[in-house]
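Welcome, and please take a moment to look over the sequence and the structure below. The report that follows walks through the fold step by step.

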Amino acid sequence: MRKLILVLFLGITILGCSETEPGIYTGNDKTFQLYKSSDFEFSGIVEVKELIAGGLEFNISLEGPKGDAGISYPAHLHFGGIDEPDVVIAAMLNPVNSATLKSNTLITKLSDGTNLDFESFQSFRGHIKVHLAAEGPDYRTILVSGHVGNISIRNSDFDRSKIAVCGNSF
């Protein structure tokens, strides 16, 4: 019984003295759906979080078949809607790792020079696409895509046949 009390006392003491890491997020965040956009079985979400230090963190998490850690899928934040042809890339996102199906990117400024914070993101009209490859014919294969910012789409309204191929300009 004494050992149990001693273990509980030590556990409480250790937990009570441990320092917690200061938060890096403001608490402002929003999650958007990424829809299956090809014959490949991927879907997912992108969570956008505001950082106290400034900027937004884009966390992509996909569901689907995992692959080799040496393979990655390019991801882009675009201006405009999914169905608009030759849209400009607003920001390059870090590629989605095939083994983890995750990507994390900090963005403070868009390609047009606009500063990006949570307030301005509320009126941003854009979308995210994750490609099968960075170049060649597989670049035209979009694994997942979804609107972000102030464009919303319901799952029942998503039509992958209307996805426009990305313009490469950055």
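Which residue in strand 3 is the bridge partner of I45? The bridge partner of I45 there is S61. Before going further, a word on how to read the model: it is a predicted one, in which local features need pLDDT of at least 70 and side-chain atom pairs count only at pLDDT 80 or more, while totals for chains, interfaces and linings use all residues. Residues are numbered from 1 along each chain as its sequence is written, and side-chain values use heavy atoms, with hydrogens and water left out.

**The overall picture**

Two helices and eight strands make up the secondary structure of the protein. Here helices (H or I, at least four residues) and strands (E, at least two) are DSSP runs, numbered from the N terminus. Following the sequence, you meet these elements in the pattern α-β-β-β-β-β-β-α-β-β.

The protein has 170 residues, and 39% of them count as buried. Buried means under 20% relative accessible area, exposed means over 50%, and partly exposed lies in between (1.4 Å probe, protein chains only). About 9900 Å² of the protein is exposed, with carbon and sulfur atoms supplying 55% of that area; the areas come from the Shrake-Rupley method with a 1.4 Å probe, and for residues only the protein chains shown count as cover. If you take the contacts (heavy atoms within 4.5 Å) between residues at least 6 apart in sequence, 63% join residues at least 24 apart.

**The sheet**

The eight strands form an open sheet with antiparallel pairing, in the order 5-4-7-8-1-2-3-6. Its edge strands are strand 5 and strand 6, each of which pairs on one side only. From one strand to the next, the twist averages 20°; for such angles, axes are lines fitted to C-alpha atoms, for helices over the stretch in contact, and angles run from 0 to 180 degrees between N-to-C directions.

Two strands count as paired if DSSP finds at least two bridges between them. Three of the antiparallel pairs can be set side by side:

| Strand pair | Bridges | A pair of partners |
|---|---|---|
| Strand 1 (residues 25–36) and strand 2 (residues 43–51) | seven | T31 and E47 |
| Strand 2 and strand 3 | eight | I45 and S61 |
| Strand 3 (residues 56–63) and strand 6 | six | I60 and S103 |

Two hairpins belong to this part of the sheet. Six residues form the link of the hairpin from strand 1 to strand 2. The hairpin of strand 2 and strand 3 has four residues between the strands, and G54 there takes a positive phi near 115°.

Strand 6 (residues 102–107) is a good place to look at side chains, which alternate along the strand. S103, T105 and I107 point to one face and are buried, whereas K102, N104 and L106 point to the other face and are not.

**Salt bridges**

How many salt bridges does the structure hold? There are two, where a salt bridge is a side-chain nitrogen of Lys or Arg within 4 Å of a carboxyl oxygen of Asp or Glu.

One of them links E41 with K36, whose closest N and O atoms are 2.7 Å apart. E41 counts as exposed because its relative accessibility is 53%, while K36 is partly exposed, with a relative accessible area of 29%. K36 belongs to strand 1. Its C-alpha lies 9.8 Å from that of G64, although K36 and G64 are 28 residues apart in sequence.

The other salt bridge brings together the side chains of R125 and E84 at 2.7 Å, N to O. This pair links distant parts of the chain, 41 residues apart: R125 is in strand 7 (residues 125–131), and E84 is in the loop between strand 4 (72–79) and strand 5 (89–97). R125 counts as partly exposed at 45% relative accessibility, and E84 is also partly exposed, at 26% relative accessible area.

**A serine in the loop**

Is S38 buried or exposed? S38 is buried, with a relative accessible area of 10%, and is found in the loop between strand 1 and strand 2. Its side chain makes polar contacts, meaning pairs of N or O atoms within 3.5 Å; within protein, one must be able to donate a hydrogen and the other to accept it, and residues adjacent in sequence count only if both atoms are side-chain atoms. The side chain of S38 reaches the backbone nitrogen of F40 at 3.2 Å and the backbone oxygen of I142 at 3.3 Å.
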